[in-house]
Number of protein chains: 2
Amino acid sequence: MNRKVLVLYELSRRFENGVDHILLSSSDAGRLLGISQQSACRYINELERDGLIKKTRSGQKQRIEITENGINLLREIYLDLKNFFEYKYKYKQKLSMEGRIITGIGDGAYYIKEYAEKLKERIGINPFYGTLNVKIDRMPFKIEKYSIGVIEEFREKNRIFGRIRYIPATISGDGWSEDCFIVLPERTHHKDEVEIISEKNLRREFGLKDGDKIRVDILL
Amino acid sequence: MNRKVLVLYELSRRFENGVDHILLSSSDAGRLLGISQQSACRYINELERDGLIKKTRSGQKQRIEITENGINLLREIYLDLKNFFEYKYKYKQKLSMEGRIITGIGDGAYYIKEYAEKLKERIGINPFYGTLNVKIDRMPFKIEKYSIGVIEEFREKNRIFGRIRYIPATISGDGWSEDCFIVLPERTHHKDEVEIISEKNLRREFGLKDGDKIRVDILL
DNA sequence: ATTACTAATGGACGAGTAT
DNA sequence: TATACTCGTCCATTAGTAA
């Protein structure tokens, strides 16, 4: 297994949703990979020679696509790792966070109402029109990586509703536990806060108030 | 991103279901990685120094475990790739095949019975002692790539049972759908046919007969 | 058989530079 | 600004061995 796949992987990380190429100079690539512009250039050319990417010029930058062979190579690794985490590696720890309930900015209800239909389509729940905001004591690194889906930005009633990600989780408190989803607004995401949606009005259902201790477990 | 993760990845591929370590000599590792015994030895020691694996001696071989840091590193890559394939890379998330039910060679029942115990261990299902054979209209390229595991050749009652691969999938027909596995015997694999196993007797359960139209979706 | 050291060497790397 | 060539340097790799 050659070092080139690492370069291919690093390139794949730079892809945006639904866009089949990236624009990148060889200096950018070098910075991205922690190597010189010259080496990055060499790697990119080798990847092209190997038929793993296709590059064309697009103004000053290079337009880089991953070819079917490249995709297959990445997929092979993906499936191996998937196999490892979902079947072989038995100690699937849940990623746990602890924190306290806080009051959010208050328009959660309005927002969830707009997103509700799309959420129902995607994850099959009829969310309660409101979010439960939890301030996390020690936030794990990059929880957005655990998201299982994205709702793309959309316009409604002349307003823009930004892209959100969602993560399946369970929320639990003193003697109760409930399946839920963490929603991560891409723009206004506070680093140490998560917003929880659920089919239930969690505050009412479990008699929660600000400051109550809460645990949130992401299901890996 | 260092070359070491490739070594870690290659090690992870060698893990068996539910076993938290592998037994491996440095020569084995070298062969596995396509490098010399010396380099493999050096890499393994570096991985240990970096806290990504833990090694102990177990007789002649080394017993290698992946530490929590190592797991986290692999998981980061896994989640990146998952993100790539499930959200960024828009083309074919499910791999769909259409075909028609045919009658297999008839000893599927006997075979599955022998493989059943191993299948149960690996994928947690109690397969019905029989396969449903489907002749696929247009077979996608190399579906064996999507297999999540292998049952190695074994001897039983003086017969050799060859290596098979299995792929999680759903099978669906007119108004019904069921989780299943595609099994691919490595030797006698007809290019345009798949054998389906499931916990249910699919023919009886859904009233299927030869010629019925069927869709099989591989879950990527 | 192992693991793993040292020393020789081949290949990757980046500085300099042409285009 | 780019990309990408040449080439000297140095690091990774391996052969030879020791333990």
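Colleague: So a residue is near a strand if one of its heavy atoms lies within 4 Å of it. Which residues come nearest to DNA strand D?

Modeller: Ser26(A), Gln37(A), Ser36(B), Ser39(B) and Tyr43(B), out of 18 residues around the strand. Bear in mind that this is a predicted model, where local features need pLDDT of at least 70, side-chain atom pairs count only at pLDDT 80 or more, and totals for chains, interfaces and linings use all residues. Residues are numbered from 1 along each chain as its sequence is written, chains are lettered from A and ligands numbered from 1 in the order written, and side-chain values use heavy atoms, without hydrogens and water.

Colleague: OK. What does Ser26(A) have close to a phosphate oxygen of strand D?

Modeller: A polar side-chain atom, 2.3 Å away. Asn45(A) also puts a polar side-chain atom by a phosphate oxygen of strand D, at 3.2 Å. For Gln37(A) the partner is a base nitrogen of that strand, 2.8 Å off. The elements giving two or more residues to this surface are α2 (26-33), α3 (37-49) and β2 (53-58) of chain A, plus α3 (37-49) of chain B. Helices (H or I, at least four residues) and strands (E, at least two) are DSSP runs, numbered from the N terminus.

Colleague: How does that surface divide by residue type?

Modeller: 3 nonpolar, 11 polar and 4 charged. Ala, Val, Leu, Ile, Met, Phe, Trp, Tyr, Cys and Pro count as nonpolar, Asp, Glu, Lys and Arg as charged, and the others, Gly among them, as polar.

Colleague: And which residues are closest to DNA strand C?

Modeller: Ser36(A), Gln38(A), Ser39(A), Ser26(B) and Gln37(B), with 17 residues surrounding the strand. Sugar and phosphate make up 60% of the strand C atoms that come within 4 Å of the protein.

Colleague: Where are the phosphate oxygens of strand C relative to Tyr43(A) and Ser26(B)?

Modeller: One is 2.9 Å from a side-chain N or O atom of Tyr43(A), and one is 2.4 Å from such an atom of Ser26(B). Lys55(B) has a polar side-chain atom 3.1 Å from a phosphate oxygen too. Here α3 of chain A, together with α3 and β2 (53-58) of chain B, each give two or more residues to the surface.

Colleague: Switching to α4(B): buried or exposed, mostly?

Modeller: 15 of its 21 residues are buried, so α4(B) is largely enclosed by the rest of the structure. Buried means under 20% relative accessible area, exposed over 50%, partly exposed in between (1.4 Å probe, protein chains only).

Colleague: What should that helix span?

Modeller: 30 Å for residues 68-88, and the end C-alpha atoms are 28 Å apart, which agrees. The expected span is 1.5 Å times one less than the number of residues.

Colleague: Now Asn133(A): where is it?

Modeller: In strand β5 (residues 132-136) of chain A, and Asn133(A) is buried at a relative accessible area of 7%. Its side chain makes a 3.1 Å polar contact with that of Thr131(A). A polar contact is a pair of N or O atoms within 3.5 Å; within protein, one must be able to donate a hydrogen and the other to accept it, and residues adjacent in sequence count only if both atoms are side-chain atoms.

Colleague: Which residues does Asn133(A) contact beyond four places in sequence?

Modeller: Arg100(A), Ile101(A), Ile102(A), Gly104(A), Glu193(A), Val194(A) and Glu195(A), where contact means heavy atoms within 4.5 Å.

Colleague: How many helices and strands in chain A?

Modeller: 6 helices and 12 strands, and 48% of its 220 residues are buried.
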